[in-house]
Every structure is written in C-alpha cells, then in structure tokens.
Amino acid sequence: MKKLFVPLAVIVAAMFVAAPIAIARADYESTMLLVQKIFYFHFATWMALTVAIGVCGVASVIYLFKGSKAADWYAAASAELCVIFGVFGLFSGSLWGRKAWGVWWQWDARVTMATMLVLVFLGYLMVRKYGGPGSEKLSAAMGIFGAATAPFVYKSVDWWRTIHPQTTVMKTLGEKWPGAWMLVWFCSLAFILLTVLLLVARVHLEAMRSRLDDMYLAAEE
Amino acid sequence: MISSLIVAVLQQIPEGFERVTGGQQVEQIPAAPLVVASYAFFLLLMVFYLWTIWRRIGKVETDMRALEQRQGQKR
C-alpha cells in the first residue's frame, strides 16, 4: 500500500482539481438553479461516509471477536473519518437547505438520523480517548451499533416522508440527466479514494502509537 | 435630532401586514455565497484534518526518539 500511496494521492489530487471545474461547467437544475451544485460534493461525502462506516463496522467486529490489533487501528481511523465526512455532509446540507427549504436546519427524519449517526461516532472517539483501559472494546461495540444504524439512515427518507428528497432521486437522475449522474459518481469516486488515502495515513498513525506503547512497556521492564 | 430621525423611520414602517402589489417582489436568497461556503469549508476541513494527522505523527515520532535516547543513555 505504501508504494501505491503517492500515485493514488496524485490521482485523487487531480480528481479534486477537475471536479470543481466540471461542477462549475455543469448545467443548472431547473428549480433550484445554482444552489443545486452543492449536491455533487454533498452526495459524494455521504458515499465516503458509507465506506468509512462499513470499514468501522467490519473492523470493530473483527477486533471484538478476534482481538486483532490491526482491525482496531482500522476501526479507530475510520470512526474519525465518519465524523469528518459527517460534519461536512451536515454542513453542506444546511447550506443547501437554506436556499432550497428556506431554513438553515430542519428536524427532518434523514437530517435528524444522520446527526445521531455522526454523534454515535463522535461518542466512539470520546470513549476511546477518555474511557481508560479497555475502552477499545467498548468503542468497538459502539462502532458495530453505529454501522447497524446506517441502513436506517439511508431508508429513513422512504419510510418517513418529510422534506428531504427520497432515495429514488439518484435512479431518476441517471435516466433524466446522465451528465449530472456521471459527475456525481465521479465526485463520489474521488471522495472514496480520498477516504482510502486518509484511512492509510490514520492507520499508520495508530500503528506508530501502538509501537510507541510497546516501546514504553519494554522500557519499563 | 436623533429622536426626530427615529420617529421618521418608525413612521415609514407600515402597521400590520400588507400584501405585495405590482412587480415581482419575491424574497431572494443569494445562492453563490452558499455554494462557495460549502466548497471552501470542505477545503479548509481537509487541510485542517491533514494538518492534525501530520502533527500527531510528528508528536509520536518525537516521543519515540526521546524514548530511544533515554534508553541509549541508560545503557
């Protein structure tokens, strides 16, 4: 992975340079006009968040039942990414909502559940930092429950009809407006690759911390 | 002077609600600052996050070096 890191970073950087240019050149949506352009990064960030949640959930299960140190590093790293991407997703949604819905915040089912999801992963990080010895296992359980919540967040717009667009938006976008559909998946791919890069960097940090802990233990003995 | 100005301003404010007459007086929320803020926030968030990772890795490396030096001095 170390060999792939630099070429991947170059590809991701190029994609993040190209994405805003393509977004600026994309056509306006008929009712929302310019503000709809927030959608391209807003959707992509939730895709990245979904990947991070998946990694956190699987790694937490592996750590909890097999005790793998590496799995714990991946879980901790991805939980942090969940918070980062979640914060951006909520922030960009709020800005979009200000124009599209006329309010900065709406206690809509999707928005509220997404906030709860981000708070679960924030809780994961707090438990890990301040929970003392054994907090890794407790946080792993939180990671599993956080991941289990994700499908409910996704389906919330279909189950409770409120103000947030339904999941069918993406299906109809592909049929009605293929250019926008391609662009949103291009942005999503850029975000997912960025997630991989950040995950590798964060796992490296966790591995170094673990090595430092081992060094301290060896020094005490 | 100031009190007469306040009175003049207050007199211009209509009492109660009035309907819009003529023209297209619709409320406009400018979209451009919202779009720019969204993308700028993402850029700043990423720069900040990468900086925190770099800083934390640097701190662990410093601690490792300090520990190795202490170990070397003991020997």
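These are my notes on two pockets and two helix pairs in this structure. The model is predicted.

**Entry 1: the largest pocket**

I began with the largest pocket and looked up its volume, which is about 1200 Å³. I then asked which residues lie closest to its centre. Of the 43 residues in the lining, these are A:F39, A:F43, A:R110, A:H164 and A:P165. Next I went through the elements of chain A that give two or more residues to this lining, and I noted α2 (39-66), α3 (69-100), α4 (109-130), α5 (135-159) and α6 (168-176). The largest share comes from α2(A), with 8 residues. I also sorted the lining of the largest pocket by class and found 26 nonpolar, 13 polar and 4 charged residues.

**Entry 2: the second largest pocket**

I turned to the second largest pocket, which holds about 720 Å³ of space. Its lining has 25 residues, and the closest to the centre are A:R128, A:K129, A:E136, A:E206 and A:R209. Which elements supply at least two residues each to this lining? I wrote down α3, α4, α5 and α7 (178-220) of chain A. The helix that gives the most is α7(A), with 7 residues. By class, I have the lining of the second largest pocket down as 9 nonpolar, 4 polar and 12 charged residues.

**Entry 3: α2(A) with α4(A)**

I looked up how these two helices pack. The angle between α2(A) and α4(A) is about 45°, and their axes are 13 Å apart. An angle of 35 to 65 degrees falls outside the parallel and perpendicular ranges, so I recorded α2(A) and α4(A) as oblique to each other. I noted their crossing as left-handed.

For the contact itself, I listed the residues on each side. From α2(A) there are A:W46, A:L49, A:I53, A:C56 and A:S60, and they meet A:A114, A:L117, A:F121 and A:Y124 of α4(A). Sorted by class, this contact has 8 nonpolar residues, 1 polar residue and no charged ones.

**Entry 4: α2(A) with α3(A)**

My last check was on α2(A) and α3(A). Are they roughly parallel or roughly antiparallel to each other? Their axes come within 8 Å and cross at roughly 155°. Angles over 145 degrees count as roughly antiparallel, and I therefore entered α2(A) and α3(A) as roughly antiparallel to each other. The crossing of α2(A) and α3(A) is left-handed. I closed the entry with the classes in this contact, which are 22 nonpolar, 8 polar and 1 charged.

Terms used:
Residues are numbered from 1 along each chain as its sequence is written. Chains are lettered from A and ligands numbered from 1 in the order in which they are written. This is a predicted model: local features need pLDDT of at least 70, side-chain atom pairs count only at pLDDT 80 or more; totals for chains, interfaces and linings use all residues. Side-chain values use heavy atoms; hydrogens and water are left out. On a 1 Å grid over the protein atoms alone, a cavity is a set of points where a 1.4 Å probe fits but cannot get out, and a pocket is an open set with protein on both sides within 12 Å along at least five of seven lines; lining residues have an atom within 4 Å of a point. Grid points are joined across faces, edges and corners, and a volume is the space filled by probe spheres set on the points. Helices (H or I, at least four residues) and strands (E, at least two) are DSSP runs, numbered from the N terminus. Ala, Val, Leu, Ile, Met, Phe, Trp, Tyr, Cys and Pro count as nonpolar, Asp, Glu, Lys and Arg as charged, and the others, Gly among them, as polar. Axes are lines fitted to C-alpha atoms, for helices over the stretch in contact, and angles run from 0 to 180 degrees between N-to-C directions. Angles under 35 degrees count as roughly parallel, over 145 as roughly antiparallel, 65 to 115 as roughly perpendicular and the rest as oblique. A crossing is left-handed if the near helix is turned anticlockwise from the far one by less than a right angle, and right-handed if clockwise. Contact means heavy atoms within 4.5 Å.
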